[in-house]
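Colleague: Could you pull up that model and walk me through it? I'd like to go from the overall picture down to single residues.

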Amino acid sequence: MTVSAHVLDGVQGGPLTGVAVRLDRLDPDSAWEPVVEGATDGGGRFGWFEAGGLIAGTYRWVFATGDFYARRHVACFHPEIPVVLAVEDPAQNYHVPLLLSPFSYTTYRGY
């Protein structure tokens with residue numbers, strides 16, 4: 001099953017390419033452990049597939065929005081956006097769209 005993210009531009013419309021993202025998993029000692037990192041593709045997407053299936057638990061997407069906007073010489077209010085999610089049923093896909101602008105964001109569980 002997969003955990004994926006999709007970053008969309010809330011000002012211009014369309015996907016945002018090149019936003020650095022990292023997926024962390026909360027370990028039993030309550031420490032965040034990196035799982036995978038990369039950047040959104042030309043469609044604004046980034047995903048992770050666990051060959052043996054996801055493990056139930058708490059995960060966190062971290063979007064490096066400050067770096068993204070700094071490269072474009074645009075001020076932003078949220079330099080980093082963490083989105084924490086609970087994976088309760090590892091047989092499902094977990095998709096997190098992030099609608100982003102320099103001074104606001106919203107997210108939800110997509111499919």
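Colleague: What share of the 111 residues in the protein chain is buried?

Modeller: Keep in mind that this is a predicted model. A residue counts as buried here when its relative accessible area is under 20%. Across the 111 residues of the protein chain, the buried share comes to 37%.

Colleague: And which pattern does the protein chain follow along the sequence?

Modeller: The protein chain has 1 helix and 8 strands. Its radius of gyration is 14 Å, close to the 13 Å from the globule rule for 111 residues, so the chain is as compact as a globular protein of that length. Reading along the sequence, the order is β-β-β-β-β-α-β-β-β.

Colleague: Which residues have the most contacts inside the largest nonpolar core?

Modeller: In soluble globular proteins, nonpolar side chains tend to be buried together. Here the largest nonpolar core holds 23 residues. Elements giving two or more residues to this core include strands S1, S5 and S6 as well as helix H1. The residues with the most contacts inside the core are Val 3, Val 7, Leu 16, Trp 61, Phe 63 and Leu 85.

Colleague: Let's take S1, then. In S7, what is the bridge partner of Val 3?

Modeller: S1 is mostly covered, with 6 of its 8 residues buried. It pairs with S4 in the antiparallel sense through 5 bridges, and Ala 5 stands opposite Phe 46 there. With S7, S1 pairs in the parallel sense over 7 bridges. On that S7 side, the bridge partner of Val 3 is Tyr 94.

Colleague: Now S6: which of its side chains point to one face and are buried?

Modeller: In a regular strand the side chains alternate between the two faces of the sheet. S6 does alternate: Pro 82, Val 84 and Ala 86 point to one side and are not buried. The side chains that point to the other face and are buried are those of Ile 81, Val 83, Leu 85 and Val 87.

Colleague: How many bridges join S5 to S6?

Modeller: The two strands run antiparallel. One pair to look at is Trp 61, whose bridge partner in S6 is Val 83. The number of bridges joining S5 to S6 is 7.

Colleague: Over to the helix. Which backbone oxygen does the side chain of Thr 65 reach?

Modeller: Thr 65 lies in helix H1, and it counts as buried because its relative accessibility is 1%. Leaving aside neighbours within four places in sequence, its contacts include Cys 76, Pro 79, Ile 81 and Leu 100. At 2.4 Å, its side chain reaches the backbone oxygen of His 78.

Colleague: One last residue: what separates the C-alpha atoms of Leu 99 and Val 7?

Modeller: Leu 99 is in strand S7; its relative accessible area is 39%, so Leu 99 is partly exposed. Beyond neighbours within four places in sequence, it is in contact with residues including Leu 8, Asp 9 and Tyr 105. Leu 99 and Val 7 are 92 residues apart along the chain, and their C-alpha atoms are separated by 6.1 Å.

Colleague: Looking at the protein chain's contacts between residues at least 6 apart in sequence, what share joins residues at least 24 apart?

Modeller: Leu 99 and Val 7 gave us one pair 92 residues apart along the chain. For the protein chain's contacts between residues at least 6 apart, the share joining residues at least 24 apart is 58%.

How values were computed
Residues numbered from 1 in each chain as written. Predicted model: local features only at pLDDT ≥ 70, side-chain atom pairs only at ≥ 80, totals over all residues. Heavy atoms only, no water. Core = buried A, V, L, I, M, F, W, Y, C linked by side-chain atoms within 4.5 Å. Buried < 20%, exposed > 50% of the residue type's maximum accessible area, 1.4 Å probe, protein only. Helix = DSSP H or I, 4+ residues; strand = E, 2+ residues; numbered from the N terminus. Polar contact = N/O pair within 3.5 Å; in protein donor to acceptor, adjacent residues only side chain to side chain. Contact = heavy atoms within 4.5 Å. Pairing = 2+ DSSP bridges. Rg over C-alpha atoms; globule rule 2.2 N^0.38 Å.
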